[in-house]
Amino acid sequence: MHILVLMMGLMTANAALAQPSAVQEGKPIKIVVLGDSLSAGLGLSGSASFPGQLQKALKAKGIDADMINAGVSGDTSSGGRDRLDWSVPEGTDAVILELGANDALRGTDPKITRAALSDILTRLKARKIAVLLCGMVAPPNYGADYAAQFNAIYPDLAKSFGIPLYPFFLDGVAADASLNQADGMHPTAEGVDVIVKNILPVVQAFLGAIPGQRS
């Protein structure tokens, strides 16, 4: 009799201990989109921005995400590094890093951009936060040498840090007047929709790998 009571007590205790992990698994995944005006949604409503549309697309796939829009218009990779600590709060599970477009537009030395992005990745890695890196492509006006140096930054960093890369954030949208606002640089809501549809499989694979990375 005493043995039966003891066994039942142990089973109840084990069930209670297991409960927090079950609750944890049911929590939304906390994602920060750290970027500039392209991801922030300049000229668009919050729901039409990249984080807003991505959150909706993930929900349609059964992925509950708590999405934080940490995009700042005009920000450079160095600016993103300087505000990293307060832009990516404690408890963040994943960061989608979209920075560098303004560096390229200003002709910033690619070494500076590389160093800033590397610092961001190093600090996020130290905090055990998974990162999806979004690549950028330099405009042609600074010449082929500049473009070669700048464009190599993203695949090089993805390889050295062992993180996933989405090669070009504006893939399918850049230079398409029908998908950009009047300035020719910032996507319309329809343009953001194209970005989200293109990147969604990569984001799904990225998020699906996070438990394995943290195990």
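Modeller: Before we start, helices here are DSSP runs of at least four residues, numbered from the N terminus. Also, this is a predicted model.

Biologist: Thanks! Which helix holds Ser-37?

Modeller: Helices are counted from the N terminus. Residues 37-40 form one of these runs, and Ser-37 lies in that stretch. The element you want is helix 2.

Biologist: Is Ser-37 buried or exposed?

Modeller: The relative accessible area of Ser-37 is 8%. Buried means under 20%. With 8%, Ser-37 therefore counts as buried.

Biologist: Beyond its neighbours within four places in sequence, which residues is Ser-37 in contact with?

Modeller: Contact means heavy atoms within 4.5 Å. Leaving those sequence neighbours aside, the contacts of Ser-37 are Leu-42, Val-72, Ser-73, Gly-74 and His-186.

Biologist: Now the sheet: which strands stand at its edges?

Modeller: The open sheet has 5 strands, paired in parallel in the order 2-1-3-4-5. A strand at the edge has a single partner, so one of its sides is left without a neighbour in the sheet. That describes strand 2 (65-71) and strand 5 (165-166).

Biologist: And how many bridges join strand 1 to strand 3?

Modeller: Strand 1 covers residues 29-35 and strand 3 covers residues 94-98, and the two run parallel. Ile-31 stands opposite Ala-94 in strand 3. The number of bridges joining these strands is 5.

Biologist: What angle does helix 7 make with strand 3?

Modeller: Helix 7 (residues 110-126) packs on the sheet and touches strand 1, strand 3 and strand 4 (130-134). Its direction and that of strand 3 make an angle of about 180°.

Technical notes: Residues numbered from 1 in each chain as written. Predicted model: local features only at pLDDT ≥ 70, side-chain atom pairs only at ≥ 80, totals over all residues. Heavy atoms only, no water. Buried < 20%, exposed > 50% of the residue type's maximum accessible area, 1.4 Å probe, protein only. Pairing = 2+ DSSP bridges. Axes fitted to C-alpha atoms, helices over the stretch in contact; angles between N-to-C directions.
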